[in-house]
Amino acid sequence: MERVQTAEHGETAEPVNSSPAEATPEPTPEPGPGSASAPGPAPGPPPLRPRHRVTAWATGLLMVVPALVAGCRALDTDATTPVPQLLSVLPWLTVPAALALLLAAAARRRALTFVAVLVLGATAWSAVPYMPQAVIPYGLPLARVKVLAANVEFGQGTGSLVDVVRRERPQLVFVSECDSACRSTLTRTFADALPHYADVRGEGSVGSILLSSYPLTDWRMIPAAMGMPGATAEIAGVPVRLQLAHPLPPVPGQVSLWKRELGRVADAVAAQRTGPMLVAGDFNASQDHAAFRAVLAAGGLQDAARRADRSRTPTWPMEGPPLPPFVQIDHVLVRDFSVREVRFLDLPGSDHRAVLADLDLRGPR
């Protein structure tokens with residue numbers, strides 16, 4: 001070492017060690033094979049980012065209604081409000097269910113995605129058109145019969161109905177919400193073509209009439225808030241039971257009444273389980289409602305639209321915005337008839353489409 005003397009003060013300064021060997025820090029020893037090290041935290045799923053958390057919540061909300069409605073459909077129950085109302089739009093619930101699946105995938109949560117797949121599958125399965133066990137009529141055709149079912153909305157669509165009847169020439173016409181003016185117009189206009197009728201007289205939605213080119217006997221009425229007349233027609237020498245159906249709609253507050261009146265229709269058809277039968281009208285229920293399917297089961301009936309692969313053609317509401325037609329609640333139900341064709345006809349002035357069924361009455365098997 002050398003001592004350095006400053007020129008100014010004559011003091012001696014300590015030398016600075018500038019040796020490279022001495023300045024190099026001592027390296028940290030590498031852990032050997034037998035060395036123990038502290039375990040780190042176990043890896044786990046990453047926490048949800050705020051955006052993914054919102055997406056997951058939105059997915060859950062979108063699945064609630066489809067899951068509820070598909071569950072009730074699978075359990076064969078209409079439950080209570082809001083289930084009967086939501087069952088009317090069952091096929092459309094596949095849209096939010098599919099959107100929920102996309103959002104679940106975007107959130108990258110496997111469990112949520114799996115649940116969304118189940119909900120979409122159940123909703124799509126529930127929306128498959130319903131058909132009870134088919135009963136094939138084996139007898140030869142005895143007569144061709146055209147049946148028209150129409151709701152004229154408090155008589156406002158009477159003029160349109162007159163035009164349809166003149167053009168299509170049905171042998172049986174089931175008319176709901178036919179007030180006194182409607183009844184007078186129809187019986188007068190078709191006194192020759194449809195001279196026989198059974199009716200329930202009333203104003204607004206109460207009145208109904210069943211017009212027939214065949215003689216009618218055994219007139220009966222199902223007790224209900226709105227008219228539901230019935231009778232027996234003799235067609236090609238065979239007695240055919242006819243029944244007009246028009247139960248109350250399942251609006252909130254009267255779902256129990258709606259079920260009760262559809263139950264009375266089921267009881268009426270169950271009372272005559274053999275022989276040809278036609279039940280037609282505004283059922284205020286779709287094939288997705290358990291109460292409507294109970295009517296089919298009670299009488300061994302087939303929905304003519306389903307037999308013609310037209311069971312998802314909407315008939316209501318037809319008054320335009322804010323809602324397009326989205327549900328079929330007007331039906332022609334048959335027993336011992338085969339179905340040639342079913343068409344749905346617009347009735348200006350009414351909020352319903354009419355159902356025109358071209359049928360063949362079948363003989364004994």
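## A first look at a protein with two open sheets

Of the 365 residues in this protein, 45% count as buried. The model is predicted, and pLDDT averages 88 over the protein, with 84% of the residues scoring at least 70. The chain holds 10 helices and 14 strands. About 18800 Å² is exposed, and carbon and sulfur atoms supply 59% of that area. Among contacts with a separation of 6 or more, 66% link residues 24 or more positions apart.

### Where to read with care

Two stretches deserve some caution. Over residues 1–24 pLDDT stays under 50, and the model has 10 contacts beyond four places in sequence for them. Residues 32–37 also have pLDDT under 50, and here the model has zero contacts beyond four places in sequence. Where pLDDT is low, the predicted coordinates should not be read in detail.

### The sheet from β5 to β13

Let us start with an open sheet of six strands, which follows the order β5-β6-β4-β3-β14-β13 with mixed pairing. At its edges lie β5 (196–200) and β13 (337–345), each of which pairs on one side only. On average, neighbouring strands here are turned by 15 degrees against each other, direction ignored.

How many bridges join β5 and β6? There are five, and the two strands, with β6 spanning residues 208–212, pair in the antiparallel sense. Within this pairing, His-196 stands opposite Ser-212 in β6.

Helices pack on this sheet too. Helix α6 touches β3 (141–151), β4 (172–176), β13 and β14 (354–362). Helix α7 touches β4, β5 and β6.

### The sheet from β7 to β11

Another open sheet is also built from six strands, in the order β7-β8-β9-β10-β12-β11, and its pairing is mixed. The edge strands are β7 (216–221) and β11 (302–303), and each pairs on one side only. Strand β11 runs antiparallel to β12 (residues 330–335), with two bridges joining them. Gln-302 has Val-334 in β12 as its bridge partner. Helix α9 packs on this sheet, touching β11 and β12.

### The packed helices side by side

The table lists these helices with the direction each makes with one strand.

| Helix | Residues | Strand for the angle | Angle |
|---|---|---|---|
| α6 | residues 158–168 | β3 | about 165 degrees |
| α7 | residues 180–189 | β6 | about 5 degrees |
| α9 | residues 290–299 | β12 | about 15 degrees |

How values were computed: Residues numbered from 1 in each chain as written. Predicted model: local features only at pLDDT ≥ 70, side-chain atom pairs only at ≥ 80, totals over all residues. Heavy atoms only, no water. Pairing = 2+ DSSP bridges. Helix = DSSP H or I, 4+ residues; strand = E, 2+ residues; numbered from the N terminus. Axes fitted to C-alpha atoms, helices over the stretch in contact; angles between N-to-C directions. Contact = heavy atoms within 4.5 Å. pLDDT = per-residue confidence, 0-100. Buried < 20%, exposed > 50% of the residue type's maximum accessible area, 1.4 Å probe, protein only. Areas by Shrake-Rupley, 256 points an atom, 1.4 Å probe, with all protein chains shown as cover.
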